[in-house]
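Hello,

Here is the structure I promised to pass along. Please have it open while you read, and my notes on it follow below.

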Amino acid sequence: MIPGDIMEKQQIQDALEKLIDPTSQKTLKETKGVKYISVEEDKKTVNLIIALETIEDTIKHKMTREIAKVIKIDLKYHGVKIDFELLKRTDSILAREKKLKYIGIASGKGGVGKSTVAANLALALNRLGKRVAIIDADIYGSSIPTIFDMEVRLPKADENEKIIPFTERNIEIISTEFFMKEDTPLMWRGPMLGKMLNHFFYDVKWHDDLDYVIVDLPPGTGDVAIDIQKLIPECEILIVTTPHASASHVAVKAGFAAKELKHSIIGVIENMSYYKHDDQLIPIFGEGGGKIVADKLTTDLIAQIPIGQPQSGHHSLFDMHEEIGVIYLGLANKLLR
Ligand SMILES: Nc1ncnc2c1ncn2[C@@H]1O[C@H](COP(=O)(O)OP(=O)(O)O)[C@@H](O)[C@H]1O
Ligand SMILES: [Mg+2]
């Protein structure tokens, strides 16, 4: 079920996690020091971010030698690029004392309403008194800025060079799209793309009292899922599908990938479930997809969201007193419990 590249990364990860951080004498598995792995398209070069307790030159050199041995001699790749960073970034949201809840919104394919669900769920959680942020990690199909009617521009940084997220409707938002414009400083483009998620967790000045972080994941089972697993293994996953069999088939795959990465799955949301006309529920896009996915993943179908437009005239965001808004509130309530 898991694509080859995930297996490949797992193998690299397992090998690197046996190495010892010289300062603490703990394995990189214990320190969770392997922060990022990608294998370049030619399959020959491996890019890594390794976090260490301290990073003086002697330690860097020693680790570079050991990592190169693992990657080039043991695993037979041609090259390796390593970025080192400090393990304890006390200013990152990952190091906060207050327990944050991470919810990754995943789907097998695009266009099933993943971002719409992410946005409306954020509003509903906020309506129930929670402070919520959205990380739009759908690098190639980013739509959170559009959903929130945001101008796409580079966020400002504070005096410590932390990125200040935008706030719309009380939700803090950061999106890959903000960093992809042509005039984006070079440092953000190219290779940085893959590391963007790290920046979202380490270098954004999120509100101190944040309760929930909703991550809008790219469709499918690829790279970002495994990055998320590294950064936030406690991230729980909501799977979005439509009722149609073809959508449910790929949603099951995305679910299995999440499971394989040891994320717990909160449940399945079936979007565009039916169209309501004169109290009749018309299954325009078929029936049963959500239930099939939930059964296959041994989880629950926790919401069915009908086809519909917000009454306010907004293209995507529902008011919480209208019918679909109430469904989102119910979903948010379930998550709180
Ligand atoms: N329940 C729904 N009823 C009607 N249109 C919807 C519904 N959910 C999503 N859409 C529309 O479908 C399109 C795709 O939704 P989007 O959230 O961008 O999907 P994804 O993030 O999965 O690619 C958008 O135009 C969105 O407004
Ligand atoms: Mg989307």
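**What I found**

Let me start with one pair of residues: L48 stands opposite I82 in β5. Please keep in mind that this is a predicted model.

That pair belongs to a bigger pairing, in which β4 and β5 run in the parallel sense and are joined over 8 bridges. On the other pairing of β4, the picture changes: β3 and β4 (residues 45-52) run antiparallel, with 5 bridges between them. If you would like a residue to look at there, V39 has V46 in β4 as its bridge partner. As background, strands of a sheet pair through backbone hydrogen bonds, either parallel or antiparallel.

Put together, these strands form an open sheet of 3 strands in the order β3-β4-β5, with mixed pairing. The edges are taken by β3 (34-39) and β5 (79-86); each has a single partner strand, so one side of each is left without a neighbour in the sheet. From one strand to the next, the twist averages 10 degrees.

Which helix lies across β4 and β5? That is α3 (residues 57-74), and its direction is at about 140 degrees to β5. Together, β4, α3 and β5 make up a β-α-β unit that is right-handed.

Now for the overall layout. The protein is divided into two parts, with domain 1 covering 4-86 and domain 2 covering 93-336. Taken over C-alpha atoms, their centres are 30 Å apart. Where the domains touch, 8 residues of domain 1 and 9 residues of domain 2 take part in the contact. On the domain 1 side, α1 (4-16), β3 and β4 each supply at least two residues. The most comes from β3, with 4 residues, so do have a look at that strand. By class, this side of domain 1 has 4 nonpolar, 2 polar and 2 charged residues.

Finally, the ligand. How many residues are around ligand 1, and which come nearest? There are 16, and G110, G113, K114, S115 and T116 are the ones that come nearest. At least two residues of the shell come from each of α4 (114-127), β12 (265-277) and β14 (301-307). Helix α4 has the largest share, with 3 residues. Sorted by class, the shell around ligand 1 holds 11 polar residues, 4 nonpolar and 1 charged.

If you want a short tour on screen, try beginning with L48 and I82, then go along the order β3-β4-β5, and end with the residues around ligand 1, including K114 and S115.

Happy viewing, and best wishes!

How values were computed
Residues are numbered from 1 along each chain as its sequence is written. Chains are lettered from A and ligands numbered from 1 in the order in which they are written. This is a predicted model: local features need pLDDT of at least 70, side-chain atom pairs count only at pLDDT 80 or more; totals for chains, interfaces and linings use all residues. A residue is near a molecule or strand if its C-beta atom, placed from the backbone, lies within 6 Å of it. Ala, Val, Leu, Ile, Met, Phe, Trp, Tyr, Cys and Pro count as nonpolar, Asp, Glu, Lys and Arg as charged, and the others, Gly among them, as polar. Two strands pair if DSSP finds at least two bridges between them. Axes are lines fitted to C-alpha atoms, for helices over the stretch in contact, and angles run from 0 to 180 degrees between N-to-C directions. Two residues are in contact if their C-beta atoms, placed from the backbone, lie within 7 Å. Domain bounds come from an automatic or database domain assignment. A crossover is right-handed if, with the strands pointing away from the viewer, the path from the first strand over the helix to the second runs clockwise.
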